[in-house]
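Visitor: I should like to learn how to read a protein model. Would you take me through one, feature by feature?

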Amino acid sequence: AALLLLISSSVIAQPPNPLIPRSFSYPTETRAASVFASGLSGPFGLVFDSADNLYVAEETAGRVSQVTTGGGVSTYASGLPGASGVAFDTGGVLTVSDDTYDLFKVPALETLTPFITGAGLSNPNAFDFDSAGNIYIANTGGFLSKFDSAGTLIDLTLADGLNYPQGVVVDEPNGIVFVAESNGKIHSVDM
């Protein structure tokens with residue numbers, strides 16, 4: 001008996017297999033970087049205000065510096081051991097995290113107001129706000145915390161088991177918080 005094998009010329013599309021390694025090409029063009037500000041001591045977190053001034057958390061110096069659009073640098077807040085994260089809340093007030101496991105509001109030049117203290121945070125070095133003023137905090141102890149706009153704890157471990165998280169950004173339209181780890185992974189966490 002003869003076996004008849006019929007081969008179709010059409011191909012059924014298959015979804016990409018996430019287990020198959022992908023290769024990517026990157027532009028080979030290089031661009032020169034220019035120095036915008038210098039004299040900073042361990043710059044870590046960065047954020048712009050509405051006037052395009054840059055605020056820099058200087059971890060080594062324990063301060064936040066303001067860098068004007070012309071590159072002039074001045075101290076905006078000091079007395080922050082290990083200043084690491086900076087962001088503006090929904091009211092436009094600068095918020096800073098430091099290595100003492102606390103977060104501070106800086107409503108005016110050199111004015112530190114405790115915001116979240118003694119709450120079980122573990123070196124909160126990055127955070128972001130949603131439009132309701134809730135704050136999502138990456139703790140280098142390996143977890144993501146959520147507090148309301150008044151600094152009241154909502155969830156100390158909104159996500160746990162993270163590897164030295166270094167960055168946070170809220171994607172509010174999609175209800176997701178992205179957390180970057182030092183090991184090259186980015187996690188998505190439901191808000």
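Guide: The following dialogue moves from the whole protein to its sheets, cores and single residues. Please keep in mind that this is a predicted model.

Visitor: Let us begin with the whole. How many helices and strands does the protein have?

Guide: The protein has 0 helices and 15 strands. Of its 191 residues, 37% count as buried. Its accessible surface comes to about 11,200 Å², and 55% of that surface belongs to carbon and sulfur atoms.

Visitor: What share of the contacts joins residues at least 24 apart in sequence?

Guide: The share is 32%, taken among contacts between residues at least 6 apart in sequence.

Visitor: How do strands come together in a sheet, and in what order do strands 1 to 4 lie?

Guide: In general, strands of a sheet pair through backbone hydrogen bonds, either parallel or antiparallel. Here, 4 strands form an open sheet in the order 1-2-3-4, and their pairing is antiparallel. Strand 1 and strand 4 stand at the edges with a single partner strand each, so one side of each is left without a neighbour in the sheet. From one strand to the next, the twist averages 25°.

Visitor: Which residue of strand 4 is the bridge partner of Val-64?

Guide: The partner of Val-64 is Ala-77. Strand 3 and strand 4 are joined in the antiparallel sense over 5 bridges.

Visitor: Which strands stand at the edges of the sheet with the order 9-10-11-12?

Guide: This is an open sheet of 4 strands with antiparallel pairing. Strand 9 (124–129) and strand 12 (153–160) are at its edges; each has a single partner strand, so one side of each lacks a neighbour in the sheet. The twist in this sheet averages 20° from one strand to the next.

Visitor: How is strand 11 joined to strand 10 and to strand 12?

Guide: Strand 10 (residues 135–139) and strand 11 (residues 143–147) run antiparallel and are joined by 5 bridges. Among the bridge partners, Ala-138 is matched with Leu-144, and Tyr-136 with Lys-146. These two strands form a hairpin with 3 residues between them, and Gly-142 in the turn has a positive phi of about 105°. On to strand 12: 4 bridges join strand 11 to strand 12, again in an antiparallel run, and Phe-147 has Leu-153 as its bridge partner. That hairpin has 5 residues between its strands, with Gly-151 in the turn at a positive phi of about 90°.

Visitor: Is strand 11 enclosed by the rest of the structure or open to its surroundings?

Guide: Strand 11 is largely enclosed by the rest of the structure, because 5 of its 5 residues are buried. Phe-143, Ser-145 and Phe-147 point one way from the strand, whereas Leu-144 and Lys-146 point the other way.

Visitor: How many residues lie between strand 13 and strand 14 in their hairpin?

Guide: There are 4 residues between them, and Gly-175 in the turn has a positive phi of about 65°. Strand 13 (residues 165–171) and strand 14 (residues 176–181) pair in the antiparallel sense over 6 bridges. Gly-167 has Ala-180 in strand 14 as its bridge partner.

Visitor: Which residues have the most contacts inside the largest nonpolar core?

Guide: This core has 13 residues, and those with the most contacts inside it are Tyr-55, Val-64, Leu-80, Val-86, Leu-94, Val-96 and Val-106. Strand 2 (54–58), strand 4 (73–78), strand 6 (94–97) and strand 7 (103–108) each supply at least two residues of this core. A second, separate core of 11 residues includes Ala-138, Val-170, Val-177 and Val-179.

Visitor: What does Leu-94 touch, beyond residues up to four places away in sequence?

Guide: Its contacts include Val-47, Tyr-55, Val-64, Val-86 and Val-106.

Visitor: Is Ser-65 buried or exposed?

Guide: Burial is judged by relative accessible area, and buried means under 20%. Ser-65 has a relative accessible area of 2%, so Ser-65 is buried. Ser-65 is located in strand 3 (residues 63–67). A polar contact of 2.3 Å joins its side chain to that of Glu-58.

Visitor: Is Phe-48 buried or exposed?

Guide: Exposed means over 50%. Phe-48 has a relative accessible area of 51%, and therefore Phe-48 is exposed. Phe-48 belongs to strand 1 (residues 43–48). Leaving out residues up to four places away in sequence, Phe-48 touches Asn-53, Leu-54 and Phe-88.

Methods:
Residues numbered from 1 in each chain as written. Predicted model: local features only at pLDDT ≥ 70, side-chain atom pairs only at ≥ 80, totals over all residues. Heavy atoms only, no water. Buried < 20%, exposed > 50% of the residue type's maximum accessible area, 1.4 Å probe, protein only. Contact = heavy atoms within 4.5 Å. Pairing = 2+ DSSP bridges. Areas by Shrake-Rupley, 256 points an atom, 1.4 Å probe, with all protein chains shown as cover. Axes fitted to C-alpha atoms, helices over the stretch in contact; angles between N-to-C directions. Polar contact = N/O pair within 3.5 Å; in protein donor to acceptor, adjacent residues only side chain to side chain. Core = buried A, V, L, I, M, F, W, Y, C linked by side-chain atoms within 4.5 Å.
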